[in-house]
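Before turning to the model, it helps to have one idea in mind, namely that rolling a probe the size of a water molecule over the atoms shows where empty space is left. With that in view, please follow the account below from enclosed space to packed cores and then to open pockets.

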Amino acid sequence: MQRIRLRYTKRGRLRFTSHRDFQRAFERALRRAEVPMAYSAGFTPHPKVSYANAAPTGTGSEAEYLEIALADARDPEALRVLLDESLPAGLDVVDAVEARTAGLADRLTASVWELRLDGVDPADAARAVKAFTEAGTVEVQRMTKNGVRTFDARAAVVGLECPASAETYSSQPDRPTGRPCAILRLVVRHVTPAVRPDDVLSGLRAVADLAPPVPAAVTRLAQGPFDEETGTVTDPLAPDREAAATEPQPAAATATATAPVPEGPA
């Protein structure tokens, strides 16, 4: 059995698809691309697909991950192209590697998010960010299936900044002329309970009364292992690539590669 790990995106209007919607679309793509999937045992066999830490409905993402198990070996890049062509535009398969190490889900320990706050002056956003990062705790509430839950949104946040000026974003072609727009960059650990971008926005409202006039446009830019030394989120597929690069070639493949090419007739 071969395992392939894929990175895919949710862009444009497809950000509003739920995780279940994506699952249905992806399983259709597997059938359309004629991928030789491995199936579970039992009365209702289903393709072996493992999803990891899907983004909430309504948020875009450049870094969603899943793993599939194949009954027959395939080239990861060729498989990526076939699946990408079989999915609607916006759900794009952008990377594929053969799984050569264990624990992909365990590597997804942090995410980098971009929060676009239309109608918010960057100076006001910067003041709210400063108040949030200087606070010891920032308690927020979220409705769960067991009722309202109160938790600290500050502890999981390892980075929050408003990196650009008002002029940078008000001059972009897709912005209404003269309307301010603030962009926040958020780095958050994956903890329990999970701290989501909307929890951080609730925290900004609590500590600095920052309330965007329209819902924030949220996009996950990256997710993976958090590097404590550099404060960055690194590529979770890197260990598989490194293992593939250092794995010795089989003797038969080496012999074929080094065999002399016979000369043709003069």
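Tyr8, Lys10, Ser18, His19, Phe22, Ala54, Ala55 and Glu64 line the largest cavity, where a cavity is a set of points on a 1 Å grid over the protein atoms alone at which a 1.4 Å probe fits but cannot get out, and lining residues have an atom within 4 Å of a point. Strand 1 (2-10) and helix 1 (19-32) are the elements that give two or more residues to this lining, helices (H or I, at least four residues) and strands (E, at least two) being DSSP runs numbered from the N terminus. This is a predicted model, in which local features need pLDDT of at least 70 and side-chain atom pairs count only at pLDDT 80 or more, while totals for chains, interfaces and linings use all residues. Residues are numbered from 1 along each chain as its sequence is written, and side-chain values use heavy atoms, with hydrogens and water left out.

The largest cavity holds about 40 Å³ of space, a volume being the space filled by probe spheres set on grid points that are joined across faces, edges and corners. Its lining divides into four nonpolar, two polar and two charged residues, with Ala, Val, Leu, Ile, Met, Phe, Trp, Tyr, Cys and Pro counted as nonpolar, Asp, Glu, Lys and Arg as charged, and the others, Gly among them, as polar.

From empty space we pass to packing. In the largest nonpolar core, which has 28 residues, Leu115, Leu117, Leu160, Leu184, Leu186 and Leu204 touch the most other members; such a core is a set of buried Ala, Val, Leu, Ile, Met, Phe, Trp, Tyr and Cys residues joined through side-chain atoms within 4.5 Å, buried meaning under 20% relative accessible area (1.4 Å probe, protein chains only). At least two residues of this core come from each of strand 5 (110-118), helix 4 (122-134), strand 8 (157-161), strand 9 (181-189) and helix 6 (197-208). Apart from it lies another core, of 22 residues, including Phe22 and Ile68.

The open spaces come last. The largest pocket holds about 270 Å³, a pocket being an open set of points with protein on both sides within 12 Å along at least five of seven lines. Of its 14 lining residues, Pro197, Asp198, Leu201, Ala216 and Val218 lie nearest its centre, and helix 6 supplies the largest share of the lining, five residues.

Notes:
Buried < 20%, exposed > 50% of the residue type's maximum accessible area, 1.4 Å probe, protein only.
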